[in-house]
Amino acid sequence: MNFNYEEIYKKYLKKKQHLVFNKKEIVTRLKQKFKAEEFSKAEILDLPRDEHFDYEKIFLCLKICDSEVLKKVFLPHELKFHEEQRQYNRRYPLKKSKMKKTGSIIIIIK
């Protein structure tokens, strides 16, 4: 896939002032555009020990479960990768007590 980075940069500069949002505006946009739903960070059992996040600084968690929205968000090779991951997880499942069945994207806002 070839991109004209100069043209993209020009578009960015033109729209730059309109690309700044506060947390509330971001959440509203995600809920409207992607049908995102809020959920408690406590639902992700291993999140407090995750090395990529400071658990106490997490403002809000959102998930996207609508399969039609997800199909539009991911590229074909990403969908293929996710399907491979699902197949792997079916063959080598976690303990049932720790599993949650969702087909969703999780968005964590700090």
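# A tour from helix α4 to the cores

Start in helix α4 (residues 76-91) and select K80 and E84: these residues are 4 apart in the helix, so about one helical turn separates them. The model on your screen is predicted. Show the two side chains, and you will find K80 and E84 meeting in a salt bridge, 3.9 Å from N to O. K80 is exposed, because its relative accessible area of 55% is over the 50% cut-off. E84 has a relative accessible area of 43% and is partly exposed.

**The whole chain**

Now zoom out and colour by secondary structure. The chain holds 4 helices and 3 strands. Following the sequence from start to end gives the pattern α-α-β-β-α-α-β. Of the 110 residues in the chain, 16% are buried. Switch on the surface: the chain exposes about 9,900 Å², and carbon and sulfur atoms supply 55% of that area. Take the contacts between residues at least 6 apart in sequence; 72% of them join residues at least 24 apart.

**Helix α2 and the residue after it**

Select residues 23-34, which form helix α2. How far apart are the end C-alpha atoms of this helix? They are 16 Å apart, and this agrees with the 16 Å that 12 residues should span at 1.5 Å a residue.

Go to the start of α2 and add N22 and K24. A side-chain oxygen of N22 comes within 3.0 Å of the backbone nitrogen of K24.

Then go to the other end, where K35 follows α2. K35 belongs to the loop between α2 and β1. Its backbone is worth a look: K35 is not a glycine, yet its phi is positive, at about 55°. Most residues other than glycine have a negative phi. Is K35 buried, partly exposed or exposed? At 47% relative accessibility, K35 is partly exposed.

**The largest nonpolar core**

Hide the other side chains and select V27, L30, A36, L60, L62, I64, V69 and L70. These 8 residues make up the largest nonpolar core. At least two residues of this core come from each of α2, β2 (60-64) and α3 (67-73). Which element gives the most to it? That is β2, with 3 residues.

Stay in the core and pick A36. Neighbours within four places in sequence aside, A36 is in contact with L30, K31, L62, K63 and I64.

There is also a second, separate core of 6 residues; among them are L47, Y55, I58 and C61. Select C61 next, which lies in strand β2. With a relative accessible area of 2%, C61 is buried, because the cut-off for buried is under 20%. Add E37 and draw a line between the two C-alpha atoms. C61 and E37 are 24 residues apart in sequence, and the line comes to 8.3 Å.

**Strand β1**

Residues 37-39 form strand β1, and F39 is found there. F39 is buried, with a relative accessible area of 12%. Add L60, a residue of the largest core. F39 and L60 are 21 residues apart in sequence, and 7.8 Å separates their C-alpha atoms in space.

Move along β1 to E38 and show K31 with it. The side chains of K31 and E38 form a salt bridge, 2.5 Å from N to O. Both residues are partly exposed: K31 has a relative accessible area of 32%, and E38 is at 46%.

**Helix α3**

For the last stop, select E68 and K71 in helix α3. Here too the side chains meet in a salt bridge, at 3.5 Å from N to O. How many residues apart are K71 and E68? They are 3 apart in the helix, which means that about one helical turn separates them. E68 is partly exposed, at 45% relative accessibility.

How many salt bridges does a search of the whole structure find? The search finds 7, including K80 with E84, K31 with E38 and K71 with E68.

Terms used
Residues are numbered from 1 along each chain as its sequence is written. This is a predicted model: local features need pLDDT of at least 70, side-chain atom pairs count only at pLDDT 80 or more; totals for chains, interfaces and linings use all residues. Side-chain values use heavy atoms; hydrogens and water are left out. Buried means under 20% relative accessible area, exposed over 50%, partly exposed in between (1.4 Å probe, protein chains only). Contact means heavy atoms within 4.5 Å. Accessible areas come from the Shrake-Rupley method with a 1.4 Å probe; for residues, only the protein chains shown count as cover. The expected span of a helix is 1.5 Å times one less than its number of residues. A polar contact is a pair of N or O atoms within 3.5 Å; within protein, one must be able to donate a hydrogen and the other to accept it, and residues adjacent in sequence count only if both atoms are side-chain atoms. A nonpolar core is a set of buried Ala, Val, Leu, Ile, Met, Phe, Trp, Tyr and Cys residues joined through side-chain atoms within 4.5 Å. A salt bridge is a side-chain nitrogen of Lys or Arg within 4 Å of a carboxyl oxygen of Asp or Glu.
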